[in-house]
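Here is a short report on one protein chain and its ligand. Please keep the sequence and the coordinates open while reading.

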Amino acid sequence: MNSILALHGGTPVRSRPWPAWPRVTEQTQAMLVDALHSGRWTVSGAYTGREPYERRFAAAYARFHDVPYCVPTCHGSSALVVALEALGVGPGTEVLVPGLTWVACASAVTGVGAVPVLVDIDEETLCMSVEAAEAAITERTAAIMIVHLFGSAADLDGFTALSARRGIPLLEDGSQAHGARWRGRRVGSFGAVGAFSFQQTKLLTSGEGGAAITADPSLFDRMSQLRADGRRFLAQPRIGQLDLEEIGAIQGRNYCLTEFHAALLLDGLSRLDAENDLRRTNVRLLEERLSRSEGVRVQGAPAHLDSRSFYHLCLRIDPPAFGGAGVDDVARAVAAELDLGAVEPVDQPLNGNILYNPLRSPRTPPSQRVSLDPARFELPAAARARRTCFTIPHRALLGDASDMEDIAAALEKVRRHFAAVRSHSRQPGVAQCL
Ligand SMILES: *Cc1c(COP(=O)(O)O)cnc(C)c1O
């Protein structure tokens with residue numbers, strides 16, 4: 001094999017194209033065009049006599065999770081906001097948020113006037129640690145937000161028990177784990193509410209979009225009104241009239257999903273399980289291949305996550321096996337070998353993430369400047385994850401075994417290179433060539 005890194009002008013391991021994401025089939029196009037000509041582009045348009053895509057998707061997504069209710073929203077972030085508000089989270093309360101996750105988890109909490117309490121992660125799964133969460137609970141804790149990060153899950157047995165023991169509702173963010181199962185049951189259906197994003201990179205997508213699922217009829221009713229300016233669906237719609245009834249019991253906002261988005265989601269949902277199976281099969285092949293060499297392993301998952309989904313493939317390097325190279329350099333070199341964009345280290349933990357700036361918000365009252373300061377939290381396990389973990393986009397997992405061979409070969413080539421650089425640089429008179 002060519003040993004010069006692609007990054008340094010060598011021949012890359014891979015030059016064939018990777019599977020595309022998002023996927024577009026004949027069915028995708030047919031459903032989108034059907035929504036276009038349906039005479040109704042959103043739920044706040046008049047009833048046409050046929051069930052809108054939004055209602056069809058909500059019913060299908062609830063059924064998929066074996067729960068009675070689903071409220072679609074325009075973004076995952078707005079799903080978190082309506083979930084938090086429905087759970088009674090607001091000024092004077094705190095929400096436990098994992099220290100390693102997308103910024104929206106924390107900014108949704110500050111957006112409803114509450115304080116995110118950043119909690120460190122479990123070393124193995126990279127999801128919120130149950131022990132650290134329990135230690136962070138105060139009398140103001142109004143919700144525990146867990147995120148099933150990348151291809152893993154928070155300890156749902158531990159968190160459902162903690163939630164019951166302390167009487168604090170669990171909010172599951174399933175934005176990175178669509179379709180995964182814990183003891184046979186879909187993740188997102190364990191919490192009081194499960195929130196999801198359908199943004200373009202997610203495993204189920206409409207470009208932008210979100211949903212909140214629940215088994216609780218009163219949470220469902222509140223979330224329905226919160227996301228539609230205080231309106232909810234009529235039981236008996238009439239053709240030509242709005243089928244959203246003005247209730248006015250709470251202050252809602254418009255977080256509705258359009259018919260086009262709902263059509264795309266209904267289409268994608270019909271493929272989700274098969275795509276998850278394919279990604280899982282491929283990761284199993286890759287894991288088997290990686291177990292024969294040193295230095296890289298797949299993010300761990302609890303045993304009860306009996307069918308994982310992979311929102312990106314998160315890999316952890318053992319830095320000494322890479323000659324002590326940093327994960328940023330390793331990710332850059334692997335990206336070049338695979339000719340694949342978005343191979344990146346995991347995000348910075350939220351106590352040092354440039355996107356999380358509650359103190360810069362003009363709405364932050366002086367009295368909250370201490371409690372909202374992200375720097376007050378210590379997140380050593382999240383910091384270690386940032387130094388050792390990187391992700392490969394999930395579209396690379398939609399091909400076949402030969403793709404997994406390429407990924408393994410790229411990792412091995414990069415590892416050998418960095419290990420050799422270190423042994424050279426230890427010899428006197430040989431300059432480090434990086
Ligand atoms: C993507 C994501 C969100 C935000 O969803 P948007 O649809 O972009 O608003 C929230 N939480 C997690 C864990 C995510 O990955």
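## Around Asn282

In this predicted model, Asn282 touches Leu397, Leu398, Gly399, Asp400, Ala401 and Met404, leaving aside residues up to four places away in sequence. Asn282 itself belongs to helix H8, which runs over residues 259–290. Is Asn282 buried or exposed? Asn282 is buried, because its relative accessible area is 2% and the cut-off for buried is under 20%.

## The ligand site

Where does the ligand sit? The ligand occupies the largest pocket. Its shell counts 15 residues. The closest are Gly76, Ser77, Asp173, Ser197 and Lys202. Three polar distances to ligand oxygen atoms are listed here.

| Residue | Atom on the protein side | Distance to a ligand oxygen atom |
|---|---|---|
| Gly76 | backbone N or O | 2.8 Å |
| Ser77 | side-chain N or O | 2.5 Å |
| Ser197 | polar side-chain atom | 2.7 Å |

Taken alone, the ligand exposes 380 Å², and the protein buries 92% of that area.

Which helices each supply at least two residues of the shell? Helix H3 (76–86) and helix H4 (104–111) do. Gly76 appears again here: this residue is among the closest to the ligand, and Gly76 is also one of the buried residues of H3. H3 is mostly covered, with nine of its 11 residues buried. Besides Gly76, the buried set in H3 holds Ser78, Ala79, Leu80, Val81, Val82, Ala83, Leu84 and Ala86. After H3 comes Gly88, which has a positive phi near 85 degrees.

## Backbone points to check

Two residues other than glycine also have positive phi.

His312 has a phi of about 75 degrees. This residue lies in the loop between strand S12 (296–298) and strand S13 (313–317). His312 counts as buried because its relative accessible area is 14%, under the 20% cut-off.

Ala342 has a phi near 60 degrees. Its loop runs between helix H9 (327–338) and strand S14 (344–345). Why does Ala342 count as partly exposed? Its relative accessibility is 49%, and exposed requires over 50%.

One peptide bond also deserves a look. Trp21 and Pro22 are joined by a cis peptide bond, with omega about -5 degrees. Pro22 lies in the segment before helix H1 (26–36).

Definitions and conventions: Residues are numbered from 1 along each chain as its sequence is written. This is a predicted model: local features need pLDDT of at least 70, side-chain atom pairs count only at pLDDT 80 or more; totals for chains, interfaces and linings use all residues. Side-chain values use heavy atoms; hydrogens and water are left out. Helices (H or I, at least four residues) and strands (E, at least two) are DSSP runs, numbered from the N terminus. Buried means under 20% relative accessible area, exposed over 50%, partly exposed in between (1.4 Å probe, protein chains only). Contact means heavy atoms within 4.5 Å. A residue is near a molecule or strand if one of its heavy atoms lies within 4 Å of it. A polar contact is a pair of N or O atoms within 3.5 Å; within protein, one must be able to donate a hydrogen and the other to accept it, and residues adjacent in sequence count only if both atoms are side-chain atoms. Accessible areas come from the Shrake-Rupley method with a 1.4 Å probe; for residues, only the protein chains shown count as cover. On a 1 Å grid over the protein atoms alone, a cavity is a set of points where a 1.4 Å probe fits but cannot get out, and a pocket is an open set with protein on both sides within 12 Å along at least five of seven lines; lining residues have an atom within 4 Å of a point. A molecule sits in a cavity or pocket if more than half of its atoms lie within 2 Å of its grid points.
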